[in-house]
Amino acid sequence: TWYVDVQGVPPGVGTQAEPYTSIQYAIARPATVHGDTLLVAPGEYVESLDTLFKDLSIHSTGGPLETRIDGRVNLVESSLEGFWIGGLNANISTLGATVSRCVVDGSQSAFNRGIFLDDYSTIDRVTVFGFQTGLLEFLFSGGFSRVENSIFFGNVLDVRLFAACGNGDVVQYCVIGTAQGFNSTCGIGNLLGIDPLCWNLA
């Protein structure tokens with residue numbers, strides 16, 4: 001396990017006593033290898049992330065209301081849990097990855113999609129708003145992704161699935177304002193065209 005705290009003394013060595021101060025710096029260290037966990041302390045991390053094909057678990061210790069990534073996130077076979085993703089470059093791309101307990105805020109983003117979904121990914125307990133498209137499936141995705149317990153609302157188009165769930169995708173127990181390529185075969189328990197009545201999406 002490696003520790004990251006933006007309030008620390010840079011660059012840090014990744015211990016609890018001397019944490020790294022940048023998440024991407026922690027990812028890129030040669031000592032950070034497949035299967036490692038990064039525990040990220042509350043704060044604002046102004047950086048974009050790329051897991052560099054390492055299978056990593058990146059977890060915030062304070063949750064999305066206290067831990068913000070101001071940048072783009074590219075996840076390959078890794079997991080991200082408990083962050084607010086915002087700012088000019090806000091966007092998440094997944095390939096065989098898991099995103100959970102996150103908020104993806106497109107109110108300031110220059111990207112037209114909140115989450116770019118590719119093969120064998122899982123989206124769970126995520127809220128996405130403020131984008132041209134909230135969730136966009138890769139056109140040539142092999143499918144078999146799961147989207148569960150999430151809110152896609154306040155985007156121009158909230159969800160766009162190209163294969164209409166015919167490629168093994170499952171979407172269930174979500175609130176989705178507007179959708180294309182979505183039908184009853186996708187899953188159960190979804191509320192379509194319903195305002196989630198969040199007290200404040202932002």
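**Contacts, charges and odd angles**

Modeller: In this predicted model, the backbone nitrogen of Phe144 lies 3.1 Å from a polar atom of the Asp169 side chain.

Colleague: What makes that a polar contact?

Modeller: The cut-off is 3.5 Å between N or O atoms. The Phe144 nitrogen is at 3.1 Å, so the distance qualifies.

Colleague: Which other backbone nitrogen lies 2.9 Å from a polar atom of the Asp169 side chain?

Modeller: That of Ser145. The limit is again 3.5 Å, so 2.9 Å falls within it. Asp169 itself sits in the loop between strand E15 (157-160) and strand E16 (170-172).

Colleague: How do you know that Asp169 has no salt bridge?

Modeller: Asp169 is buried, and the nearest side chain of opposite charge is Arg146, 9.3 Å away. A salt bridge needs N and O within 4 Å, so Asp169 has none.

Colleague: What does Arg146 pair with, then?

Modeller: With Glu148, at 2.8 Å from N to O. That is within 4 Å, so the pair is a salt bridge.

Colleague: Why is Glu148 called buried, and Arg146 partly exposed?

Modeller: Buried means under 20%, and Glu148 has 15% relative accessibility, so Glu148 is buried. Arg146 is at 36%, between 20% and 50%, so Arg146 is partly exposed.

Colleague: How many salt bridges does the whole structure hold?

Modeller: Four. One of them joins Glu44 and Arg68, with the closest N and O atoms 3.7 Å apart. The cut-off is 4 Å, so this pair counts.

Colleague: What parts of the chain does the pair Glu44 and Arg68 tie together?

Modeller: Glu44 is in strand E3 (residues 43-45) and Arg68 is in strand E6, so parts 24 residues apart in sequence are tied. Glu44 is partly exposed at 42%. Arg68 is at 22%; buried would need under 20%, so Arg68 also counts as partly exposed.

Colleague: What makes Arg101 and Glu81 a salt bridge?

Modeller: Their closest N and O atoms are 3.3 Å apart. The limit is 4 Å, so they qualify. The pair links distant parts of the chain: Arg101 is in strand E9 (residues 98-105) and Glu81 in strand E7, 20 residues apart. Arg101 has a relative accessible area of 31% and is partly exposed. Glu81, at 21%, is partly exposed too.

Colleague: How do you know whether Cys102 is in a disulfide?

Modeller: The whole structure has zero disulfides. For Cys102, the nearest cysteine sulfur is that of Cys174, 15 Å away. A disulfide needs sulfurs within 2.5 Å, so Cys102 is in none. Cys102 is buried at 2%. Cys174 is buried at 1%.

Colleague: Why is Leu197 called exposed?

Modeller: Exposed means over 50%, and Leu197 has 71%, so the label fits. Leu197 lies in the segment after strand E19 (191-192).

Colleague: What makes the backbone of Glu77 and Arg125 stand out?

Modeller: Phi of Glu77 is near 55°, positive in a residue other than glycine. Arg125 is not a glycine, and its phi is about 55°. Most residues other than glycine have a negative phi. Glu77 is in the loop between strand E6 (67-76) and strand E7 (79-81). Arg125 is in strand E11 (residues 122-129).

Colleague: Which peptide bond is joined in cis, with omega about -5°?

Modeller: The one between Pro10 and Pro11. Most peptide bonds are trans. Pro11 lies in the loop between strand E1 (2-4) and helix H1 (23-28).

How values were computed:
Residues are numbered from 1 along each chain as its sequence is written. This is a predicted model: local features need pLDDT of at least 70, side-chain atom pairs count only at pLDDT 80 or more; totals for chains, interfaces and linings use all residues. Side-chain values use heavy atoms; hydrogens and water are left out. Helices (H or I, at least four residues) and strands (E, at least two) are DSSP runs, numbered from the N terminus. Buried means under 20% relative accessible area, exposed over 50%, partly exposed in between (1.4 Å probe, protein chains only). Lys and Arg count as positive and Asp and Glu as negative; His and the chain ends are not counted. A polar contact is a pair of N or O atoms within 3.5 Å; within protein, one must be able to donate a hydrogen and the other to accept it, and residues adjacent in sequence count only if both atoms are side-chain atoms.
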